[in-house]
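Work through the exercises below with the sequence and the model open side by side. Try each task before you read its solution.

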Amino acid sequence: MAVVSVRMDDATKRKFNAFCDSVGITVSAAVNMFAKMTIRENRLPFDVKGEHVPAPEDN
């Protein structure tokens, strides 16, 4: 079995741990669920959007 290391700020880690505890899963299980869903659907399991940046006008 492989080990994956993820860097995140302390507050995010604390809140993610609390969420996982509240739904009865481990952080490892949550990350594995994310990976498996990404592979199964061949996409990220959520929308990724950025701010609309208009194209520069020709001068």
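The exercises go from the overall fold to single residues, and the model is a predicted one.

**Exercise 1. Overall build**

Count the helices and strands, then decide whether the protein is a compact globule or more spread out.

Solution.
- Step 1. Start with secondary structure: the protein has 2 helices and 0 strands.
- Step 2. Compare the radius of gyration with the globule rule. The value is 17 Å, and the rule gives 10 Å for 59 residues.
- Step 3. Draw the conclusion. The radius is well over the rule, so the protein is more spread out than a compact globule.
- Step 4. Add the dimensions. The C-alpha trace spans about 55 × 30 × 20 Å along its principal axes.
- Step 5. Turn to burial. Of the 59 residues, 3% are buried.
- Step 6. Finish with the surface. About 5900 Å² is exposed, and carbon and sulfur atoms supply 58% of that area.

**Exercise 2. The aromatic pair**

Find the aromatic pair, classify its geometry and say which parts of the chain it ties together.

Solution.
- Step 1. Count the pairs. The search gives 1 aromatic pair.
- Step 2. Name the partners: phenylalanine 34 and phenylalanine 46.
- Step 3. Classify the geometry. The ring centres are 6.1 Å apart and the planes are at 20 degrees. Planes under 30 degrees apart count as stacked, so this pair is stacked.
- Step 4. Place the partners. Phenylalanine 34 lies in helix H2 (residues 27–41), while phenylalanine 46 lies in the segment after H2. The pair therefore ties together parts that are 12 residues apart in sequence.
- Step 5. Check exposure. Phenylalanine 34 is partly exposed at 36% relative accessibility. Phenylalanine 46 is partly exposed too, at 45%.

**Exercise 3. The nonpolar patch**

Which residues make the nonpolar surface patch, and what is its area?

Solution.
- Step 1. List the members: Phe34, Leu44, Phe46 and Val48.
- Step 2. Give the area. The patch covers about 380 Å².
- Step 3. Link back to the ring pair. Phe34 and Phe46 belong to this patch, and these two phenylalanines form the stacked pair.

**Exercise 4. The salt-bridge network**

How many salt bridges does the whole structure hold, and which residues do they join into one network?

Solution.
- Step 1. Recall the principle. Side chains of opposite charge can pair when their charged atoms come close.
- Step 2. Count. The whole structure has 2 salt bridges.
- Step 3. Take the bridge between glutamate 41 and arginine 40. Their closest N and O atoms are 4.0 Å apart.
- Step 4. Take the bridge between arginine 43 and glutamate 41. Here the N to O distance is 3.3 Å.
- Step 5. Join them. Through shared partners, Arg40, Glu41 and Arg43 form one network.
- Step 6. Grade the exposure. Arginine 40 is exposed, with a relative accessible area of 61%. Glutamate 41 is partly exposed at 33%. Arginine 43 is partly exposed at 43%.

**Exercise 5. Around the end of H2**

Describe the contacts of threonine 38 and the backbone of asparagine 42.

Solution.
- Step 1. Place threonine 38: helix H2. At 21% relative accessibility, threonine 38 is partly exposed.
- Step 2. List its contacts. Leaving out residues up to four places away in sequence, threonine 38 touches Arg43, Leu44 and Pro45.
- Step 3. Place asparagine 42. This residue sits in the segment after H2.
- Step 4. Recall the backbone rule. Most residues other than glycine have a negative phi.
- Step 5. Read the angle. Phi of asparagine 42 is near 55 degrees, a positive value in a residue other than glycine.
- Step 6. Is asparagine 42 buried or exposed? Asparagine 42 is exposed, at 70% relative accessibility.

**Exercise 6. Valine 27 and methionine 8**

Which residues does valine 27 touch, and where does methionine 8 lie?

Solution.
- Step 1. Place valine 27: helix H2. Valine 27 is partly exposed at 27% relative accessibility.
- Step 2. List its contacts. Not counting residues up to four places away in sequence, valine 27 touches Phe16, Asn17 and Cys20.
- Step 3. Check a distance. Valine 27 and valine 4 are 23 residues apart along the chain, with 12 Å between their C-alpha atoms.
- Step 4. Place methionine 8 in the segment before helix H1 (10–23). Methionine 8 is partly exposed, at 38% relative accessibility.
- Step 5. Check its distance to asparagine 32. The two are 24 residues apart in sequence and 17 Å apart in space, C-alpha to C-alpha.

Conventions. Residues numbered from 1 in each chain as written. Predicted model: local features only at pLDDT ≥ 70, side-chain atom pairs only at ≥ 80, totals over all residues. Heavy atoms only, no water. Phe/Tyr/Trp six-rings, centres within 6.5 Å; stacked < 30°, edge-to-face > 60°. Helix = DSSP H or I, 4+ residues; strand = E, 2+ residues; numbered from the N terminus. Buried < 20%, exposed > 50% of the residue type's maximum accessible area, 1.4 Å probe, protein only. Patch = residues over 30% accessible without salt bridge, like charges linked within 9 Å, V, L, I, M, F, W, Y side chains within 5 Å. Areas by Shrake-Rupley, 256 points an atom, 1.4 Å probe, with all protein chains shown as cover. Salt bridge = Lys/Arg side-chain N within 4 Å of Asp/Glu carboxyl O. Rg over C-alpha atoms; globule rule 2.2 N^0.38 Å. Contact = heavy atoms within 4.5 Å.
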